[in-house]
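Thanks for coming. I will take confidence, then packing, then charged pairs. Please have the sequence and the coordinates open.

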Amino acid sequence: MCFQRGSCCKSHHNSEPGVEFQLRSVPVPGDPAALPRAHPGHPCPRAGPGRMLFPRLLLCLLAWALCGSGKPTERKERVVREAPLSAREHDDAQSFDYDHDAFLGAEEAKSFDQLTPEESKERLGKIVGKIDEDGDGFVTVEELKAWIKFAQKRWIYEDVERQWKGHDLNEDGLVSWEEYKNATYGYILDDPDPDDGFNYKQMMVRDERRFKMADKDGDLAATKEEFTAFLHPEEYDYMKDIVVQETMEDIDKNGDGFIDLEEYIGDMYSQDGDADEPEWVKTEREQFVEFRDKNRDGKMDKEETKDWILPSDYDHAEAEARHLVYESDQDKDGKLTREEIVDKSDLFVGSQATDFGEALVRHDEF
C-alpha cells in the first residue's frame, strides 16, 4: 500500500495484491531505510489535460519495468521504519560527515561543503533561529530533535509544496475535498467505463475517508499541515489507524477483518506454480506464528497488524540531538545558545575548510 498521494500512480488506493508504500533508501530486502516505491502496472489518474506528472512517476514506471506482471522478484516490505540519518559511518574521530547529514539532510549538507567557513557559519546562525521555536534564545534537545526530523524528511515537504500548487485551485490557502477530488479524479470519473479497468470510484472513497481523518476540524478543507497528513499519514500519530486500516483492507482477501497466515504470505509472495518456496518465505511463516500472531489465534487483528507495520524503533533523531548538545554545550546547562552552536560549526555543518583542511582540523582537535 502506498501511503503517498498524488505525485505517483493511484495504484495504492485499490485493494489488489501488492499495493504498498515501501519505505527504503536502497532496494535491498530487509534494509530498514526508507524511500517510496510504487506498485507496478497502475496508471496515474493525474495525467490529463492541464495536470502535471511529477518526477516520482518515474518510480512507478521503473517498478513496472522491473517487476512486470509476473511473480515478484523480491520480498515485499510493508513495515514503516525510520530512515537512517546518514549513509556514512558515525565516527567523529574520523569526520563529522554523519553529523552534517543528520543535521542538514544529505543534499543540503553537500551545498554547505561548497561554502567558505565564514559563509557556513553565517548560514548556520540563521538556521539556529529556525530551530529555536519558542524564541527564548536557547535550543533544547527536543527542538533539535524536531529540526533533525524536518531536515531528514525535507523531501516530504517539497512534495507537498508541489502538490499544493496543483490542488489549491482557488488559492485561498486551503485544499478542500472538492478541489482535491476534481483535480485528481474529475476527468476519470466522467468516463463510466475506463479502458484500464480500475475502480477509481473505490479509490476515491478511500481517499475521502483518509482526507476526513486528516482534516482535524472537520470542515472538509485541509490546511497545509492537514494536507501533509493526508499525503503522508505514516508521519503522523493521529493518522496511524488509517494506515493500519488500509493495509488490512489490501491484504484481507476474505473480508473477515483479519489477516490470516495465507493472506500474509500471499501479499508478499506469489507461488505461481512453484513447488518449493524460497527460504525467506518459510522464515516469514515462522515469523507470523511466533511473533506476528501474538494471541495464537491464527490471524492478525488490528493491534497485531499495527505492531507489525508500525514498530516502535530506536529514535535516531533524539540520539543525534543529545549527541550534538553534549558535544557543544560549553556551560553544561543542557541547552545550546546560538554562540555555542556556531562555535562548534564544524560539528553541525561543513565548509571548504573541512573539505580541504580536515586532516589539520582533526589533528588539532584530537
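**Confidence, cores and salt bridges**

Start with the part to set aside: over residues 1-74, pLDDT stays under 50, and the model has 200 contacts beyond four places in sequence for that stretch. This is a predicted model. A second stretch, residues 355-366, also stays under 50, with 16 contacts beyond four places in sequence. Where pLDDT is low, the predicted coordinates should not be read in detail. For the protein overall, mean pLDDT is 78, and 73% of the residues reach 70 or more.

Next, packing. Which residues have the most contacts inside the largest nonpolar core? They are Tyr-180, Phe-227, Phe-230, Tyr-264 and Trp-308, in a core of 39 residues. The elements giving two or more residues to this core include helix H6 (154-167), helix H7 (177-189) and helix H13 (302-309). Another core lies apart from it and has 28 residues, including Phe-96, Ile-131, Ala-321 and Leu-347.

One polar pair before the salt bridges. Asp-92 sits in the loop between helix H1 (57-67) and helix H2 (97-104). Is Asp-92 buried or exposed? Its relative accessibility is 15%, so Asp-92 counts as buried, the cut-off for buried being under 20%. The side chain of Asp-92 makes a polar contact of 2.7 Å with that of His-323.

Now the salt bridges; the count is 25. I will go through three pairs and one network.

Glu-107 and Lys-110 form a salt bridge at 3.4 Å, N to O. Both belong to helix H3 (residues 106-112) and are three residues apart, about one turn of the helix. Glu-107 is exposed at 58% relative accessibility, while Lys-110 is partly exposed at 46%.

In the second pair, Asp-241 and Lys-306, the closest N and O atoms are 4.0 Å apart. Asp-241 is in helix H10 and Lys-306 in helix H13, so this salt bridge ties together parts 65 residues apart in sequence. Both partners are partly exposed: Asp-241 at 34% and Lys-306 at 25%.

The third pair is Arg-285 with Glu-262, where the closest N and O atoms are 2.9 Å apart. Here the link runs between helix H12, which holds Arg-285, and helix H11, which holds Glu-262, 23 residues apart. Arg-285 is partly exposed at 21% relative accessibility, and Glu-262 is partly exposed at 48%.

Last, the network: Arg-206, Arg-209, Arg-210, Glu-246, Glu-249 and Asp-250 are joined by salt bridges that share partners.

How values were computed. Residues numbered from 1 in each chain as written. Predicted model: local features only at pLDDT ≥ 70, side-chain atom pairs only at ≥ 80, totals over all residues. Heavy atoms only, no water. pLDDT = per-residue confidence, 0-100. Contact = heavy atoms within 4.5 Å. Helix = DSSP H or I, 4+ residues; strand = E, 2+ residues; numbered from the N terminus. Buried < 20%, exposed > 50% of the residue type's maximum accessible area, 1.4 Å probe, protein only. Polar contact = N/O pair within 3.5 Å; in protein donor to acceptor, adjacent residues only side chain to side chain. Core = buried A, V, L, I, M, F, W, Y, C linked by side-chain atoms within 4.5 Å. Salt bridge = Lys/Arg side-chain N within 4 Å of Asp/Glu carboxyl O.
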